[in-house]
Amino acid sequence: MSGRKRARTVVVTGASAGVGRAIAREFARHGWNVGLIARGEAGLHGAMADVARAGGTPLAFAVDVADADQVAEAADAVAAFFGGIDVWINNAMVTVYAPVRETRPDEFAHVTAVTYLGQVHGTLAALKHMLPRDAGTIVHVGSALAYRSIPLQASYCAAKAAVRGFVDSLRSELIHDGSRVRLTMVQLPAVNTPQFDWARSRLPRALQPVPPIYQPEAIARHVYRAAQDAPRELWIGAATWKAILGNVLVPGLIDRYLARHVYRGEMTQMKAAARPDNLYEPVDTDPGARGRFDARAAGRVAAADPRWLKLGLAAALGAVAGATLFATEAQGRAEERRRLAGRDR
Ligand SMILES: NC(=O)c1ccc[n+]([C@@H]2O[C@H](COP(=O)([O-])OP(=O)(O)OC[C@H]3O[C@@H](n4cnc5c(N)ncnc54)[C@H](OP(=O)(O)O)[C@@H]3O)[C@@H](O)[C@H]2O)c1
């Protein structure tokens, strides 16, 4: 699978469907060479066609990100073919929807191997090519759930939190080494992707993203921008900001909110149908970027660098503290005046 040489090159893991497919198309729209990594041939062929149609040059690899050697070989081949790797996007994932007590040890291990270690393998493969050039950007596709785990997806939430831990260590090391290789982690809200029709599930009803839901193309535009600007993190969607900040301020309240509302919010009213799942093998079809939630998914979403959100929150808390202090002092002065007036009488 090949194409002709062009200037800038991105590699996207999990590029055959969902968010990764939309990201691949977004880079192609800007004329990039796009290395596509996923397991299923059908989705990879669809993604190659999408990239070529959008104006990019595709190069695809049927690779399992749980296998570090396969990922490294794909990275070497991309770098050799296009002359380097400018941006690497760690996006591939699998999950298991089930209560912890019903999730098997091998399932925890495999979700970890793909969703967490897959990002480690991608990063190692990218660094091999970026460090000698002292240039390049690695984007980690994360989730609000990297900060705040939800019920029924412990294996996935823990893997996303692990990615955040890994990225923070590496960032400090790069700063220590004076490296110009950049890292950015993008925390996503719920997205309308095929995930909900092929993730392994033991839940009684069909799956859904917990609303509000956004289209993968809206997310891809932010990911493209993050790859250019490399903010430390980018939080996409108000639901993401609320989940992360709320968990810092009132984690106990969030525990109970998730138990009461989000537990059942991860399912639709429809009874779960028997279907294949993508945990160990791809479901080798080509659904494209979007899932079945078009009618409920917004085509635009706001994103913010959390530094500004935290500054805003600190300013708001400062204003409340200032107003409380002012009111307390004013009350004290009024009481003092009343006391003096009573004494003079
Ligand atoms: N959808 C959401 O609501 C949501 C919310 C927050 C964050 N995210 C994040 O967005 C990213 C993409 O999620 P999505 O919803 O787009 O998922 P998706 O629709 O299930 O697509 C997953 C992609 O990863 C590939 N993949 C799965 N296992 C792989 C493996 N072992 N090796 C290589 N590729 C593999 C799949 O292709 P093959 O099966 O053919 O390999 C597919 O291309 C993930 O990082 C996820 O955590 C999604």
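Select W88 in strand β4 to begin, and then look across to β6, where I138 is its bridge partner. This is one of the four bridges over which β4 and β6 pair in the parallel sense. The model on the screen is a predicted one, and the tour moves outward from this pair of strands.

**Strand β4 and its neighbours**

Select residues 87-90, which make up strand β4, and show the side chains: V87 and I89 point one way, W88 and N90 point the other way, and all of them are buried. The general pattern behind such a view is that in a regular strand the side chains alternate between the two faces of the sheet. Now add residues 9-13, strand β1, which pairs with β4 in the parallel sense over three bridges, and find V10, whose bridge partner in β4 is V87.

Keep I89 selected and colour what it touches: leaving aside residues up to four places away in sequence, the contacts of I89 are V10, V11, V12, T13, I23, V139, V141 and V223. I89 also belongs to the largest nonpolar core, a set of 94 residues in which V12, A24, L36, I37, I89, I219 and V223 touch the most other members. As a general tendency, nonpolar side chains in soluble globular proteins are buried together.

**The eight-stranded sheet**

Widen the selection to the whole sheet around β4, which is open, has eight strands in the order β3-β2-β1-β4-β6-β7-β12-β15, and shows mixed pairing. Its edge strands are β3 (57-62) and β15 (303-304), each of which pairs on one side only.

Go to the β3 edge, where β2 and β3 pair in the parallel sense over six bridges, and select L36, whose bridge partner in β3 is A60. Is β3, an edge strand, largely enclosed or left open by the rest of the structure? Five of its six residues are buried, so β3 is largely enclosed.

At the other edge, select residues 233-236, strand β12, which pairs with β15 in the antiparallel sense over two bridges; here I236 stands opposite A303 in β15.

**A second sheet**

Next select β8, β11 and β14, three strands that form an open sheet in that order with parallel pairing. Since β8 (190-191) and β14 (297-298) stand at the edges with a single partner strand each, one side of each is left without a neighbour in the sheet. Residues 213-214 are strand β11, which two bridges join to β14, the two strands running parallel, and I213 can be found opposite A297 in β14.

**Around the ligand**

Centre the view on the ligand, which has 31 residues around it, and label G14, G18, R39, G40 and T193, the ones that come nearest. The elements that give two or more residues to this shell are α1 (18-29), β2 (33-38), β6 (137-143) and β8. Which of the elements gives the most to the shell? It is α1, with three residues. If you colour the shell by class, 17 residues are nonpolar, twelve are polar and two are charged.

**Helix α5**

Select residues 154-176, helix α5, whose 23 residues reach 33 Å from the first C-alpha to the last, close to the 33 Å expected at 1.5 Å a residue. The residues S155, Y156, C157, A159, K160, V163 and V167 of this helix are buried, and what covers the buried residues of α5 includes β5 (96-97), α4 (105-133), β6 and β7 (182-188). Just after the helix, select G178, which takes a positive phi of about 70 degrees.

**Helix α10 and the whole chain**

For the next stop, select G312, which lies in helix α10 (residues 306-344). Is G312 buried or exposed? G312 is exposed, with 12 other C-beta atoms within 10 Å. To place G312 relative to strand β1, draw a line to V11: their C-alpha atoms are separated by 35 Å, and the two residues are 301 residues apart along the chain.

Finally, zoom out to the full protein chain, which has ten helices and 15 strands and whose C-alpha trace spans about 95 × 50 × 35 Å along its principal axes. Of its 345 residues, 45% count as buried, and among the contacts with a separation of 6 or more, 77% are between residues 24 or more positions apart.

Terms used. Residues are numbered from 1 along each chain as its sequence is written. This is a predicted model: local features need pLDDT of at least 70, side-chain atom pairs count only at pLDDT 80 or more; totals for chains, interfaces and linings use all residues. Two strands pair if DSSP finds at least two bridges between them. A residue is near a molecule or strand if its C-beta atom, placed from the backbone, lies within 6 Å of it. Ala, Val, Leu, Ile, Met, Phe, Trp, Tyr, Cys and Pro count as nonpolar, Asp, Glu, Lys and Arg as charged, and the others, Gly among them, as polar. A residue is buried if 20 or more other C-beta atoms lie within 10 Å of its own, exposed if 12 or fewer, and partly exposed in between; C-beta atoms are placed from the backbone. A nonpolar core is a set of buried Ala, Val, Leu, Ile, Met, Phe, Trp, Tyr and Cys residues joined through C-beta atoms within 7 Å. Two residues are in contact if their C-beta atoms, placed from the backbone, lie within 7 Å. The expected span of a helix is 1.5 Å times one less than its number of residues.
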